[in-house]
Amino acid sequence: MAGWNLKNGYITEYGVSEEKIWSLFNYVFSDACKKRNTYKFGVIKSLLDCVFSGDMINQGVWYSYDDIFGHFTNNYWNLVVKYELRQMRKDGKSEFSRIEQILKEVINNNPILTNFEFESLDSNIKKKVIRLVTVECKRYVIGALYDDFDGIIYGFDLNDTGIVLNPCVYNFMLKYKTELEKLNYYAWARFLEQINDDNVLVRVIDKLELATPRREDLSVYREILRIEFEENTCFYCGKELENNIQVDHFVPWSFVKDDKLWNCVLSCARCNKRKSNKLPKQDFLMKIEKRNNSIRVNDNSIVQIDFEGYSQDLLTKIWKYAKMSGLKEYEIDECKKTS
């Protein structure tokens, strides 16, 4: 049976070496791996986007189809609607993949939506689009990608609600997240260059990077931390917060590419600006983990949702791998001296 036609598959090998996992990813990124469209790149990007949101279970790390293909749809909306990048080789039958057709149908029915980010769409429209995209990807990508990775990357059942990532692959993706993102972008860009006109390919890798949406308004986190948990000092320098209270990603968003309360702290404007895209000193890990342990038991719905899949050592792992990926540490003492 062809991989795309598989209905389920078990993880074929645990305890896999990094060398073997690298060889599998390199194969999928290469031209030797059959690709009619960019779906496989899209699923890998979505897994990397939501890698920190999985739930630990006995067999591995579980991710829902809703989460994976919610990210997938969000990313494709920008690529197809905003940047008008084709995602499929012409086959004589259609110019566009089914997912492109789904997104274009939404725009044709309501052209004004071209100007909207996917997250800004009506919730009913978003749910419908994600549902249609999920059906398409479950049918044609989950089994195909499973087969390309020799059944090692994840286990799945299309009648279930998600996939189970191999624990070795999970740790590998945490450790090499930045490198995998770059390789995936590069392979995706090469594919796009083969099927798109030059006039839409200006800085195509930047467009792929920008396809990952960022939540623009973090004020809800500011209010939760400031009012509900009575945090009124800068997490970094300890200065009392009065005006212009800012929300900072403890591990920079450029690495995590997700907004979660467990990775957000309140900061004064000076510290937020100075820290920028840097890592706090390792000493601050204990402080934020202590903070997280105190708030994760709160019954606030946002807290409960954001802390799904969170574990005691998660931030430590993320911090370690972010540093390995080249992020520099923030010299917090400089801010204290100038405060």
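## Sheet, hairpin and a buried helix residue

Five strands, in the order β1-β4-β5-β3-β2, make up an open sheet with antiparallel pairing. At its edges lie β1 and β2 (55–57), each of which pairs on one side only. The model is predicted, and the description below starts from this sheet before turning to the rest of the protein.

### The five-stranded sheet

Strands of a sheet pair through backbone hydrogen bonds, either parallel or antiparallel. The strand pairs described here are listed in the table, including one pair that involves β6 and β7.

| Strand pair | Residues | Sense | Bridges |
|---|---|---|---|
| β1 and β4 | 8–9 and 154–157 | antiparallel | 2 bridges |
| β4 and β5 | 154–157 and 162–165 | antiparallel | 3 bridges |
| β3 and β5 | 60–64 and 162–165 | antiparallel | 4 bridges |
| β6 and β7 | 246–249 and 264–267 | antiparallel | 4 bridges |

Which residue of β4 is the bridge partner of G9? The partner is F156. On β5, F156 stands opposite I163, and I163 in turn has Y63 opposite. A line across the sheet can thus be followed from G9 to F156, from F156 to I163 and from I163 to Y63. Next to F156 in the sequence is G155, which stands opposite V164 in β5.

How many residues link β4 to β5 in the hairpin? The hairpin joins the two strands through 4 residues.

### Strands β6 and β7

Strand β6 (residues 246–249) runs antiparallel to β7, and 4 bridges join the two. Among the residue pairs, H249 has C264 in β7 as its bridge partner. In a regular strand the side chains alternate between the two faces of the sheet. In β7 (residues 264–267), C264 and L266 are on one side, with V265 and S267 on the other. All four of these residues are buried, and both faces of the strand are covered.

### I318 in helix α15

I318 is located in helix α15, which covers residues 314–324. Is I318 buried or exposed? Its relative accessibility is 1%, so I318 counts as buried; the cut-off for buried is under 20%.

Leaving aside residues up to four places away in sequence, I318 touches F52, V251, F255, V256 and W262. One of these contacts, F52, is 266 residues away along the chain, yet the C-alpha atoms of F52 and I318 are separated by 8.6 Å.

### The protein as a whole

The protein contains 16 helices and 7 strands. Its radius of gyration is 21 Å, which agrees with the value near 20 Å that a compact globule would have with 339 residues. The C-alpha trace spans about 65 × 50 × 35 Å along the principal axes.

Of the 339 residues, 53% count as buried. The accessible surface comes to about 16,700 Å², and carbon and sulfur atoms account for 47% of this area.

The contact between I318 and F52 joins residues 266 positions apart. For the protein overall, among contacts with a separation of 6 or more, 73% are between residues 24 or more positions apart.

As for charge, the protein has 49 positive and 50 negative charges, and the mean positions of the two sets are 3 Å apart.

Note on methods. Residues are numbered from 1 along each chain as its sequence is written. This is a predicted model: local features need pLDDT of at least 70, side-chain atom pairs count only at pLDDT 80 or more; totals for chains, interfaces and linings use all residues. Side-chain values use heavy atoms; hydrogens and water are left out. The radius of gyration is taken over C-alpha atoms; the globule rule is 2.2 Å times the number of residues to the power 0.38. Buried means under 20% relative accessible area, exposed over 50%, partly exposed in between (1.4 Å probe, protein chains only). Contact means heavy atoms within 4.5 Å. Accessible areas come from the Shrake-Rupley method with a 1.4 Å probe; for residues, only the protein chains shown count as cover. Lys and Arg count as positive and Asp and Glu as negative; His and the chain ends are not counted. The place of a charge is taken as NZ of Lys, CZ of Arg, CG of Asp or CD of Glu. Two strands pair if DSSP finds at least two bridges between them.
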